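Me: I should like to go through the reasoning behind some structural labels, setting each value against its cut-off. Please begin once the structure is shown.

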Amino acid sequence: QRTIFPSSFHLSPLKNISFPTDRFIPSQLYLCLFFIVKIEMPSRKRKISTYASRMEKASKNGTELQSHSKDLVETSIPPLKRQRIHHAEEAHHDQNTFSTQETTEHASPTPASELSSTTLLAIEKLALLSDNPTKPPSIVLSHLLYTMPNRKDIDRDLDNLRADGRILLIQLREWNVQGKDPTGIVLFHEWEEALRQQLKLFVEKRAPFPAGNEFTARYMQQKAQESRKKYNATLNKFLQFVKLNTTENYILLSELSGSDAIGADDDDSVMLTRIGAIGHRDEESHYLNCPHMGWFLVELRKGRREMLLMLKNAKFKELTRERLLRRKLKRTSLHMELLVRDCTALNYIKERELPDGSEILTITKHGLKYLEHNVDK
């Protein structure tokens, strides 16, 4: 029988050998062919080049995934807010530019004003993740700031910003594994705008309908205008007092009703409570609240549970960061990036980085405990 060799074999050493076609090849000749025939194998250089190209492609994909996760956050930002943050970044960059001077032996420490402006810029960026035009103002969770590189100076920066009247610290009554109520940060100008908007709605709801004759209707409208002026004056005193004198997340009852401070009576206290400016703390003080704070806590609780369930039900209880950010949340309007940063800061999920640059998110025992406590009803 005729022997047929594969095309990948080199038969150059066997050119001058004639094989009989009318008989079988003996086993000894097979053994010789096994040692003579050269099998074509990929070279070591080819292996190294293919491996290097594969790793370069994986690292490139990793950078694309990270840039895509940033694009997901930027595309969810409203245009006006995006423009405001862009101007703030430019102003911050102009403020931090310095003229070329001779270098000294010891580097000068970073001034406190520059650190405060950096923290304020970070707060404004984080506020965009929880921004909802129909539910102002935006609330920033304070533990998100401690994931920044200069987290040692966060407490000092928050105290400086609070003393300057740039931000407001509020107490969020929400359960977590650590057993401490988190602190929320609100930009003071957004808080003021939200309170004035809520006051306008409060006055419109309490405005009496014109009934009876013309004299009665005119009298009722005059009383409504007087109450509106009174509420506006009380709110202005309250905002000014909180901006200049309050350094805590609560206000004393003596400061609220004292004649030397705000001078609010019972009707004004009811108004401040209805518009979401204050909340009951104890017999001697009130919490400083913000409008729609309850809505934010409900959305945050639903979003945490939904995202943690995604990780729990995944294979090996882990997902890549890019894949998790692509998923859509059905039970909350908050952004997935906000929930990932929040649960990472609270140690509900754990991050680990792969050699190709991608990040793997895994649910921790604290995240499982949070799911057990917050049972969906």
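**Salt bridges and helix packing**

Reply: R326 and E322 are four residues apart in helix α11, and about one helical turn therefore separates them. The model is a predicted one.

Me: What makes the pair R326 and E322 a salt bridge?

Reply: The cut-off is a side-chain nitrogen of Lys or Arg within 4 Å of a carboxyl oxygen of Asp or Glu. For R326 and E322 the N to O distance is 2.1 Å, so the pair meets the definition. The structure holds eleven salt bridges.

Me: Why is E322 called buried?

Reply: Buried means under 20% relative accessible area. E322 has 15%, and is therefore classed as buried.

Me: How do you know that R156 and D153 form a salt bridge, and why does R156 count as partly exposed?

Reply: Their closest N and O atoms are 3.8 Å apart, and the limit is 4 Å, so the pair qualifies. Partly exposed covers the range between 20% and 50%. R156 has a relative accessibility of 41% and so counts as partly exposed; D153, at 24%, also counts as partly exposed.

Me: What does the salt bridge between E359 and R321 tie together?

Reply: The closest N and O atoms of E359 and R321 are 3.5 Å apart. E359 lies in strand β11 and R321 in helix α11, so the pair ties together parts that are 38 residues apart in sequence. E359 is partly exposed at 24%, whereas R321 counts as buried at 15%. Both belong to a network of salt bridges that links R321, E337, R341, E351 and E359.

Me: How do you know that R162, in helix α5, has no salt bridge?

Reply: The nearest side chain of opposite charge, D159, is 8.4 Å away from R162. A salt bridge requires a distance within 4 Å, so this pair does not qualify. R162 is nevertheless buried, and its contacts include I167, L168, V242 and T246.

Me: Why are α7 and α9 called roughly perpendicular?

Reply: Their axes come within 11 Å and cross at roughly 70°. Angles of 65 to 115 degrees count as roughly perpendicular, and α7 and α9 are therefore described in that way. Residues making the contact include Y231 and F238 of α7 and M271 and L272 of α9.

Me: What makes the buried residues of α9 line one face of the helix?

Reply: The buried residues in α9 are D268, M271 and L272. Seen down the axis, they fall within an arc of 95°, so they line one face. On the other side of α9, D266 and R274 are exposed.

Notes:
Residues numbered from 1 in each chain as written. Predicted model: local features only at pLDDT ≥ 70, side-chain atom pairs only at ≥ 80, totals over all residues. Heavy atoms only, no water. Buried < 20%, exposed > 50% of the residue type's maximum accessible area, 1.4 Å probe, protein only. Lys, Arg positive; Asp, Glu negative; His and termini not counted. Contact = heavy atoms within 4.5 Å. Helix = DSSP H or I, 4+ residues; strand = E, 2+ residues; numbered from the N terminus. Arc of directions from axis to C-beta. Axes fitted to C-alpha atoms, helices over the stretch in contact; angles between N-to-C directions. Parallel < 35°, antiparallel > 145°, perpendicular 65-115°, else oblique. Lists of a residue's contacts leave out its neighbours within four places in sequence.
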